[in-house]
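Got your viewer open and a selection box ready? Here is a short tour, one stop at a time.

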Amino acid sequence: MTTYFSGRPATTLGAALTAAALALTLTACSSDDPAADGAGPGSALSHIHGLGLRGDTLYVATHQGIHSPDADGRPVLVGDRRDDFMGFTITAEGVFLASGHPAPGSDGPADLGLVASADSGRTWREKSLAGKVDFHALDTARDSTVYGYDSAAGLLRVSADGVTWDDRAALRALDIAVSPAAAGTVLATTETGVVRSTDGGRSFAPASGQVLAYVSWAAPDALYGVDPEGVLYRGTDGGTAWTRVATVPGGAPQALTAVDARRLLVATGEGVYESGDGGRRFERRMAVESGSGGH
């Protein structure tokens, strides 16, 4: 594996340009065409939407299904579904939760709603909201409450069981992260900065000012965010303060998952990278040729 040292100087672009980049990403996020770039066997992956680990196996949610790297770091399809898995997360119990759109030519509604897999993505079952919702971001709280961001409606939805849902705050966001210590604390990335809720997403305080594209909160001391240009930050004080760590290799980010305080997964246009030292160095776990932009 190639090791990348990412402590290059901070970007000289201003916050306004960073916010504009996120605004463009949000616009692209709201206009995805599920049939635009379906891939057949051997095709390059397009658009990475989520990352996760089960054991030491890496799972990558993409526009063409869930993939894992082989011994040479090449993506291999998990199971036989090539759905566009937009939202993706792995629960503490190892259950895969996802949302998005079916593969071109598939039967069924255009929106998957919430689907679940108990066998690491080999087979899936419908849980709720099929034909009604396309979650572009999913996360779970320590009490197994599911949080999903409904991009079409611009709405945060919350469910205790993944079946019955409550509508919470309306907002225009790209990603969400739920506190592992306080189930009611939720962060969302917006074009004006990270917003924070302490009442389960019913309301959000004004933006912190730090503009990030993706956030992930694995443990009380493992809150990370990456901005649209690939600069990685570590969050403190429940997401009210952010400290620059380094720059992720491979360009603009497409997904971020914190495993713990030191172990991170980041997807960019050139591949999926892992850090074991809190983001100071990265190794490429899977090489990909992706479309521009994550969601």
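Select Val 115 and Glu 126: the two are bridge partners, with Glu 126 sitting in S9. This is a predicted model, where local features need pLDDT of at least 70, side-chain atom pairs count only at pLDDT 80 or more, and totals for chains, interfaces and linings use all residues. Residues are numbered from 1 along each chain as its sequence is written, and side-chain values use heavy atoms, with hydrogens and water left out.

Now show S8 and strand S9 (residues 125–128), which pair antiparallel through 3 bridges. Strands here are DSSP runs (E, at least two residues), numbered from the N terminus, and two of them pair if DSSP finds at least two bridges between them. Add strand S7 (residues 96–101), which runs antiparallel to S8 and is joined to it by 3 bridges. Across that pairing, Leu 97 stands opposite Ala 116.

Which residues of strand S8 (residues 114–117) are buried on each side? Leu 114 and Ala 116 are on one side, Val 115 and Ser 117 on the other, and all are buried. Buried means under 20% relative accessible area, exposed over 50%, and partly exposed in between (1.4 Å probe, protein chains only). In a regular strand the side chains alternate between the two faces of the sheet.

Next, pick S2 to S5. They form an open sheet of 4 strands in the order S2-S3-S4-S5, with antiparallel pairing. Strand S2 (48–54) and strand S5 (75–77) are the edges, each pairing on one side only. From one strand to the next the twist averages 35°, taken from axes fitted as lines to C-alpha atoms, with angles running from 0 to 180 degrees between N-to-C directions. Inside the sheet, strand S3 (residues 57–62) and strand S4 (residues 65–69) share 3 bridges; look for Thr 62 opposite Gly 65 in S4.

Jump to Thr 257 in strand S21 (residues 253–258). Thr 257 counts as buried because its relative accessibility is 17%. A polar atom of the Thr 257 side chain lies 2.8 Å from the backbone oxygen of Leu 51. Leaving aside neighbours within four places in sequence, Thr 257 is in contact (heavy atoms within 4.5 Å) with Leu 51, Ser 216, Leu 264 and Leu 265.

For the hydrophobic stop, select Tyr 147, Tyr 149, Leu 156, Leu 171, Ile 176 and Ala 188: they have the most contacts inside the largest nonpolar core, which has 14 residues. Such a core is a set of buried Ala, Val, Leu, Ile, Met, Phe, Trp, Tyr and Cys residues joined through side-chain atoms within 4.5 Å. Strands S11 (146–150), S12 (155–159), S14 (176–178) and S15 (186–190) each give two or more residues to this core. A second, separate core of 13 residues includes Tyr 214, Tyr 224, Ala 258 and Leu 264.

Finish with the charges. There are 11 salt bridges in the whole structure, each a side-chain nitrogen of Lys or Arg within 4 Å of a carboxyl oxygen of Asp or Glu. One of them joins Glu 274 and Arg 263, with the closest N and O atoms 2.4 Å apart. Glu 274 lies in strand S23 (residues 271–275) and Arg 263 in the loop between S21 and strand S22 (264–268), so the pair ties together parts 11 residues apart in sequence. Glu 274 is buried at 14% relative accessible area, while Arg 263 is partly exposed at 21%. Keep both selected and add Asp 56 and Arg 285: salt bridges that share partners join the four into one network.

Technical notes
Polar contact = N/O pair within 3.5 Å; in protein donor to acceptor, adjacent residues only side chain to side chain.
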